[in-house]
Amino acid sequence: MTAPKRLDSDFYTRDVLDVAPDLIGKILVRRLPTGEELRYRITETEAYRGVEDTGCHAKAGKTKRTETLYMKGGHAYIYLCYGVHHLINAVTGQEEQPQAALIRGVEEYYGPGRLTKAMQITKELNAIDLTASDEIWIEDDGTLPDYVTGKRIGIDYADEYYRNIEWRFTAPSAAKQKKTVRVKRNKEVTP
């Protein structure tokens, strides 16, 4: 491992199908108003990619809720899900290309609502620049774990193709699957 370094714009402005798996093993950092820093390694992400992806909020076009998705990669897209949980996404790609990687889990906190509650991430941080913020950002310390792929969770409203596409990326240590799955770093693992 190397000294942690904040991810820059070049990392985020790539396609979400490259960024989402590359976020596995990175460190989500939240500096609280007290100055305390919470740091957790990312263990699970999901990719949401454009207006054609019926699982993506952009499917309805640009709205007040989704305008952050249309920003240049590197911004935080945070929204309230089911009126209960805030969820954090890293916007990816170029401006006006609505795509983002949902951060579904970190070490110790599995589930996107649990992690945002534990890290005190709320909608007030929506649209913040992850490359420059002193409140929330993502770091790389050189860790490059394998990951398994699976179907995204909680998008029953999407059409069959997008419900079944394997755009969820999970560190094997966090995977709840009991079967051998394809790993994107060129080997098979049994979680």
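**Exercise 1. Place Ile165 in the fold and describe its surroundings.**

Ile165 sits in the loop between α4 (160-164) and β10 (168-170). Helices (H or I, at least four residues) and strands (E, at least two) are DSSP runs, numbered from the N terminus. The model is predicted: local features need pLDDT of at least 70, side-chain atom pairs count only at pLDDT 80 or more, and totals for chains, interfaces and linings use all residues. Residues are numbered from 1 along each chain as its sequence is written, and side-chain values use heavy atoms, with hydrogens and water left out.

Next, accessibility. Ile165 counts as buried because its relative accessibility is 14%. Buried means under 20% relative accessible area, exposed over 50%, partly exposed in between (1.4 Å probe, protein chains only).

Then the neighbours. Beyond four places in sequence, Ile165 contacts Gly150, Lys151 and Arg152; contact means heavy atoms within 4.5 Å. Thr149 is 16 residues away in sequence and 9.5 Å away in space, C-alpha to C-alpha.

**Exercise 2. Determine whether Gln99 is buried or exposed, and find its side-chain polar partner.**

Gln99 belongs to strand β6 (residues 99-106). Gln99 is buried, because its relative accessibility is 6%. Its side chain makes a polar contact of 3.0 Å with that of Thr92. Such a contact is a pair of N or O atoms within 3.5 Å; within protein, one must be able to donate a hydrogen and the other to accept it, and residues adjacent in sequence count only if both atoms are side-chain atoms. Outside four places in sequence, the contacts of Gln99 include Arg14, Tyr48, Leu69 and Val91.
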